[in-house]
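Reader: I have a chain here that I should like to go through with you. Could you take me through its fold and then its surface?

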Amino acid sequence: MPDEIPRVPIALRVNGKRYALEVEPRLLLVDFLRRELRLTGTHVGCDTTYCGACTVLLNGVSVKSCTALAVQADQSEVLTVEGLEQDGRLHPLQQAFADHHGLQCGYCTPGMLLSAYQLLAKSPNPSEAEMRKGIAGNTCRCTGYQNIFKAIRAAAAQMRGR
Ligand code: FES
Ligand code: FES
């Protein structure tokens, strides 16, 4: 029987909630979120840093959690799609994706939302070029992207008007 890999302690906040537990050093961040915390909104599409379905924010910066280790999130703040709604109300981006048909199968949507969230945090009124660059790491096989751009534009306008 192979030797057990020693687990290491990590402490972090995920969607505002504190966690302190022990993980294998080789555990991927996406598996930590999905398996240990049961936050299955973060998807795995390719496992090779290509599709962006696994995108989360680590200290406000988007990372592909299929190629980050859980231990790299130690002492950090992670935001997943589950953390976007507040008090039972969808985030304006989530609402706009629904209103403007920014999704079909929805597989890419959690990652797309997090990339769009990061984009609007930096550019509240993004140009078309900024939107394209902002979601460049996220692949959508269904929508052709136009409705995603419409949704981001609508959410941005709503957030600026708050
Ligand atoms: S699953 Fe991480 S980039 Fe595709
Ligand atoms: S909605 Fe299906 S991959 Fe984007």
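Author: Helices and strands here are DSSP runs, numbered from the N terminus, with at least four residues for a helix and at least two for a strand. Please note that this is a predicted model.

Reader: In what pattern do they follow one another along the sequence?

Author: The order is β-β-α-β-β-β-α-α-α-α. That gives five helices and five strands. The radius of gyration is 16 Å, close to the 15 Å from the globule rule for 162 residues, so the chain is as compact as a globular protein of that length.

Reader: And what does the C-alpha trace span along its principal axes?

Author: The spans are about 55 × 30 × 25 Å.

Reader: Let us turn to α1. Which of its residues are buried?

Author: Helix α1 covers residues 29-36, and L29, V30, D31, F32 and L33 are buried in it.

Reader: What covers them?

Author: The cover includes β1 (8-14), β2 (17-23), β3 (55-58), β4 (61-64) and β5 (77-79). After α1 comes R38, which has a positive phi, near 60°.

Reader: What percentage of the whole chain is buried?

Author: Of the 162 residues, 43% count as buried. Among contacts with a separation of 6 or more, 56% come from residues 24 or more positions apart.

Reader: Now the surface: how much does the chain expose?

Author: About 8,900 Å² is exposed, with 50% of that supplied by carbon and sulfur atoms.

Reader: How many positive and negative side chains are there?

Author: There are 18 positive and 15 negative ones, and the centres of the two sets lie 9 Å apart.

Terms used
Residues are numbered from 1 along each chain as its sequence is written. Chains are lettered from A and ligands numbered from 1 in the order in which they are written. This is a predicted model: local features need pLDDT of at least 70, side-chain atom pairs count only at pLDDT 80 or more; totals for chains, interfaces and linings use all residues. Side-chain values use heavy atoms; hydrogens and water are left out. The radius of gyration is taken over C-alpha atoms; the globule rule is 2.2 Å times the number of residues to the power 0.38. Buried means under 20% relative accessible area, exposed over 50%, partly exposed in between (1.4 Å probe, protein chains only). Contact means heavy atoms within 4.5 Å. Accessible areas come from the Shrake-Rupley method with a 1.4 Å probe; for residues, only the protein chains shown count as cover. Lys and Arg count as positive and Asp and Glu as negative; His and the chain ends are not counted. The place of a charge is taken as NZ of Lys, CZ of Arg, CG of Asp or CD of Glu.
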